[in-house]
Amino acid sequence: MAKETNGFARLNHVGEEEVQADIWRCISGFTEMAVAKCAIELGISDFLETHQEPVPLNQLSSALSCSASSLHRILRFLTNRGIFKLVPIENGEMGYLQTPVARLLKRDGENSMAALVLLESSPVILAPWHYLSTRILSNENTGPFSAAHGKDVWEYAKTNPEHSKLINDALACHARWMLVEAFPWINGINFDLPHVASVAPPCHGVVHVEGYMFHSVPNAQAVFLMSVLHDWGDEECIQILKKCMEAIPKDTGKVIIVEAVLDEKIGKGKSLKDVGIMLDMIMMAHTTNGKERTAKEWAHILSAAGFSRHSILQIPAIEPVIVAYP
Ligand SMILES: C[S@@+](CC[C@H](N)C(=O)[O-])C[C@H]1O[C@@H](n2cnc3c(N)ncnc32)[C@H](O)[C@@H]1O
Ligand SMILES: COc1ccc(-c2cc(=O)c3c(O)c(O)c(O)cc3o2)cc1
């Protein structure tokens, strides 16, 4: 009986610890993003990358020209989360090392995700989160971004070139692989709003075309839409998809969509699937009607736009590839 009571008490204790840790993750959720931003600005990963050996705190703080005690606190937080590693070196000293996640926080580099962290932690993008409940409570068609800034994200970017660059750089680090590089026989068209297409850097095999996808989409054998439809509500997506359908040959054309496909079931919150659900919250905060979709929701908008069939190809990435045929 005593053993059982003890066992029960221990279980309760463990449960309570988890509850406390979970609530503190909620309370301080912003901290991780802010500290990651700080690490990017300091260039911690860029410096560690140039050193094969673990780097002691004093060497790191003088190389980065910052206070050793503050840097120690930043690194303690990030090391505690497994983002950096602290390992013993000679003379009983300890040194910091990169991890695969830390490498993604390099300011530059092939796989850097720093631009996405800098976008998400920018004041312009943080402000709409304060208005998240308005999107759920209000019957009006005002998203949190418009509530914070008086216009939607694309109108805002039109008149704020610095913010437009933040968005373009961030999205570029998510969509780094160029189809025209992998398949050099393809002639690509990069179609975007005038303020985006007009400043796009020259790219071999690609012409930049300015336009409005709700008016028309340039004719092509295939239309490739990545991270576009989730910015819009169902009715808007159906309009865009109808314009894509008009742009491709009826018999051989296809529309290729790279976007999250959410699971109907609730998961455990630690998998790549959870990234889709997080992205759905980002869409809720940044757009007026945008959302991530389940397979059923994709089927609905694709058939409403007139596509006869589609397939969803799972690839080892956050977003699968959806191919829709007229
Ligand atoms: C989330 S970004 C994705 C960009 C790109 N596909 C990528 O993955 O990097 C959405 C893009 O849609 C563009 N966009 C928004 N409204 C548009 C419109 N009416 N016509 C054409 N492009 C538009 C934005 O300028 C932005 O570049
Ligand atoms: C690594 O996996 C991913 C990272 C980022 C994104 C992503 C896609 C977007 O379209 C997008 C966006 O439109 C946006 O406004 C934003 O603030 C972030 C964002 O992130 C997808 C997958």
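Which helices each supply at least two residues of the shell around ligand 2? In this predicted model, the answer is α7 (114-120), α12 (161-174) and α16 (272-286). Of these contributors, α16 is a good place to begin, as it provides the largest share of the shell, 4 residues.

The surroundings of ligand 2 can then be followed residue by residue. The shell holds 15 residues, and those that come nearest to the ligand are E120, H174, H230, H286 and I318. Three of these names return when polar contacts are considered. The side chain of E120 places an N or O atom 2.5 Å from an oxygen atom of ligand 2. For H230, a polar side-chain atom lies 2.7 Å from an oxygen atom of the ligand, while for H286 the distance between a side-chain N or O atom and a ligand oxygen is 2.9 Å. Taken alone, ligand 2 exposes 470 Å², and 89% of that is buried by the protein. Sorted by class, its shell comprises 8 nonpolar, 4 polar and 3 charged residues.

Ligand 1 has its own set of neighbours. Here the shell counts 14 residues, with D192, L193, M213, M226 and S227 coming nearest. One polar contact involves a side chain: an N or O atom of D192 is found 2.6 Å from an oxygen atom of ligand 1. Backbone atoms take part as well. A nitrogen atom of ligand 1 is 2.9 Å from a backbone N or O atom of M213, and a polar backbone atom of M226 lies 2.7 Å from a nitrogen atom of the ligand. On its own, ligand 1 has 590 Å² of accessible area, of which the protein covers 85%. The residue classes in this shell are 10 nonpolar, 2 polar and 2 charged.

Attention now turns to the nonpolar cores. The largest contains 23 residues, and the members touching the most others are V223, L225, L229, L241, V255, I257 and F307. Several elements each give at least two residues to this core: the strands β5 (222-226), β6 (254-258) and β10 (321-325), together with the helices α15 (234-247) and α17 (295-304). The largest share, 7 residues, comes from α15. V223 offers a closer view of the packing: leaving aside neighbours within four places in sequence, V223 is in contact with V217, C244, A247, I248, K254, V255 and I256. Apart from this core lies another, made up of 21 residues, including I74, I83, A114 and V117.

Technical notes: Residues numbered from 1 in each chain as written. Chains lettered and ligands numbered in written order. Predicted model: local features only at pLDDT ≥ 70, side-chain atom pairs only at ≥ 80, totals over all residues. Heavy atoms only, no water. Near = heavy atom within 4 Å. Polar contact = N/O pair within 3.5 Å; in protein donor to acceptor, adjacent residues only side chain to side chain. Areas by Shrake-Rupley, 256 points an atom, 1.4 Å probe, with all protein chains shown as cover. Nonpolar A, V, L, I, M, F, W, Y, C, P; charged D, E, K, R; others polar. Core = buried A, V, L, I, M, F, W, Y, C linked by side-chain atoms within 4.5 Å. Buried < 20%, exposed > 50% of the residue type's maximum accessible area, 1.4 Å probe, protein only. Contact = heavy atoms within 4.5 Å.
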